[in-house]
Amino acid sequence: MESKSADIQRALIVYVDFYKSTADDAFSEFVQLVVSAGLDVICSIKAPRQFPDAQLFVGKGKADEITQQAEELNADVVIFNHPLTPAQERNLENHIKVRVIDRIGLILDIFAQRARSYEGKLQVELAQLQHLSTRLIRGWTHLERQKGGIGLRGPGETQLETDRRLVGFRIKLINQRLDKVRKQRNLSRQQRKKNDVPVISLVGYTNAGKSTLFNRLTGANVRTANQLFATLDPTLRRVEMDSGRNIILTDTVGFIRDLPHDLVESFQATLEEVREADILIHVIDVDHEQRQQRIDEVNKVIELIGAENVPQIEVYNKIDKYSEQTARIEMADNYPHIRIWLSSQTGEGLDLLREGIEQQLRQDRKPHFLNLPVTAGQLRAKLFDLGAVRQDDENEKGGWIMEVELEQFRLNKLCEEASLDITQLQTLPAHY
Ligand SMILES: Nc1nc2c(ncn2[C@@H]2O[C@H](COP(=O)(O)OP(=O)(O)OP(=O)(O)O)[C@@H](O)[C@H]2O)c(=O)[nH]1
Ligand SMILES: [Mg+2]
């Protein structure tokens, strides 16, 4: 395929398959990633292997084949579907004489193209610099056709030729700036908590339909696209529910299998919204063959950021693609999660979701009876701050015996923050 625009880069993609079983889905996802980065796939080469070669990742014969194809087809870039070590990347570039990008470099490039907010840009730059710092030693002079474009885009661009020390300095600076943003975020979050506005965060695999659902529920106009990582920066909107209760809904970056660890680290600030949420709406593409695998991947990231105890509403989205599917609500396998089948596109089943959200919010707020030791003064003060205390008496040991009303999830979190074991504190109403 001839590319029409001079900006579009011609990519030769190399798909190395260690697993075979997941091959089809993983391959098409890889192609989708490359296309989402705005590249033209001119050729794909598959390479089944048992384990990666230490020097070239693929075998010598395969590397020769790639070199020949890249030359013949005039490729601008060669992209691998796996992470490469800095040495492998360098060796491959020496061999092929064309820029080589690995899966992480590719995802980082998409992120750099999408980042709009100050915070988003900082986060991407941090991840790029961390990725880069291990690669700086190789230099860039071994490539003849060096130009901009993929892997050289975004905030990290000017840093390419500087040395490690400077990069380290820059990383420190960005971390300081991100710290500031994070503090600001914490402040507004505390304010929201005080106002008792529950926060509900949309999470899910990339392209599952989070932004489409967000727009449906809020009337907002967040960009949606049949593209991986269409959304990068988080968006928050206040929504009034039928009962008159306000909630805050957040839309954010999607997840993908083997999300680079550095990336999750740099996106901590954004993902904190997820950890601190009162409810997660986990959006799932019902249409997808690898549905369960994707659900597991998302739950893995949720665990990684410490949000595994937040109650989930599982939304099975895009039911309009199947005539036999109808909108419905059911209990999920893992209580207290519920599952709702709907279509964000047609709006069918949206009323069930609204109802489910209200149900979940009501259900979660219930009385707890606590027997607090004298060392739990701070926890007690926080419970008062939240307006959760119904009754409060001293116990015989100088501590307190209390009745409080709040969400189980919030209580768990407060106890965790105070390093107290909730099971040791809970008591029965009869003892009260
Ligand atoms: N048929 C159908 N398509 C849908 C539905 N919901 C979303 N889509 C399509 O799915 C694609 C992805 O939708 P988005 O809302 O951008 O997905 P996202 O989860 O925000 O994706 P990222 O931001 O890239 O992580 C778009 O082409 C939508 O039009 C639905 O209910 N039915
Ligand atoms: Mg989106």
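This briefing walks through the ligand shell, a helix beside it, the strand pairings and a few backbone angles. The model is predicted, so please read each item below as a computed feature of that model. Around ligand 1 there are 24 residues, and helix α7 gives the largest share of that shell. Elsewhere, three strands make an open antiparallel sheet, and two residues other than glycine, Asn74 and Ser419, have positive phi values.

**Around ligand 1**

- Ligand 1 is surrounded by 24 residues, and the closest are Gly209, Ser211, Thr224, Thr231 and Gly254.
- If you sort this shell by class, you get 15 polar, five nonpolar and four charged residues.
- Helix α7, which spans residues 210-218, supplies three residues, the largest share of the shell.

**Helix α7 and the glycine after it**

- Lys210, Ser211, Thr212, Leu213, Phe214 and Leu217 are the buried residues of α7.
- Ser211 therefore turns up twice in this briefing: it is among the closest residues to ligand 1, and it is buried, with the cut-off for that word being 20 or more other C-beta atoms within 10 Å.
- Strands are part of what covers the buried residues of α7, including β5 (199-204), β6 (235-240), β7 (246-251), β8 (279-285) and β9 (312-317).
- Right after α7 comes Gly219, with a positive phi near 75°.
- Gly219 sits in the loop between α7 and β6.
- Is Gly219 buried or exposed? Gly219 counts as exposed, because it has 9 C-beta neighbours inside 10 Å and the exposed class takes in residues with 12 or fewer.
- From Gly219 to Val239 the C-alpha to C-alpha distance is 9.2 Å, across a separation of 20 residues in sequence.

**Pairings of β9, β10 and β11**

- Strand β9, one of the elements covering α7, runs parallel to β11 (residues 338-341), and four bridges join the two.
- Within that pairing, Tyr316 has Trp341 of β11 as its bridge partner.
- β11 also pairs with β10 (residues 328-331), here in the antiparallel sense and over four bridges.
- For Met331, the bridge partner in β11 is Ile338.

**The open sheet of β12, β14 and β13**

- The strand order of this open sheet is β12-β14-β13, with antiparallel pairing.
- Which strands stand at the edges? They are β12 (365-372) and β13 (389-394); each has a single partner strand, so one side of each is left without a neighbour in the sheet.
- From one strand to the next, the twist averages 20°.
- β12 and β14 (residues 400-407) run antiparallel and are joined by eight bridges.
- Lys366 is a handy place to look at this pairing, as it stands opposite Leu406 in β14.

**Positive phi outside glycine**

- As background, most residues other than glycine have a negative phi.
- Asn74 has a positive phi of about 60° and is not a glycine.
- You will find Asn74 in the loop between α2 (60-73) and β3 (77-80).
- Asn74 counts as exposed because 11 C-beta neighbours lie inside 10 Å.
- Ser419, also not a glycine, has a positive phi near 55°.
- The loop that holds Ser419 lies between α13 (408-417) and α14 (422-425).
- With 9 other C-beta atoms within 10 Å, Ser419 is exposed.

Note on methods
Residues are numbered from 1 along each chain as its sequence is written. Chains are lettered from A and ligands numbered from 1 in the order in which they are written. This is a predicted model: local features need pLDDT of at least 70, side-chain atom pairs count only at pLDDT 80 or more; totals for chains, interfaces and linings use all residues. A residue is near a molecule or strand if its C-beta atom, placed from the backbone, lies within 6 Å of it. Ala, Val, Leu, Ile, Met, Phe, Trp, Tyr, Cys and Pro count as nonpolar, Asp, Glu, Lys and Arg as charged, and the others, Gly among them, as polar. Two strands pair if DSSP finds at least two bridges between them. Axes are lines fitted to C-alpha atoms, for helices over the stretch in contact, and angles run from 0 to 180 degrees between N-to-C directions. Two residues are in contact if their C-beta atoms, placed from the backbone, lie within 7 Å.
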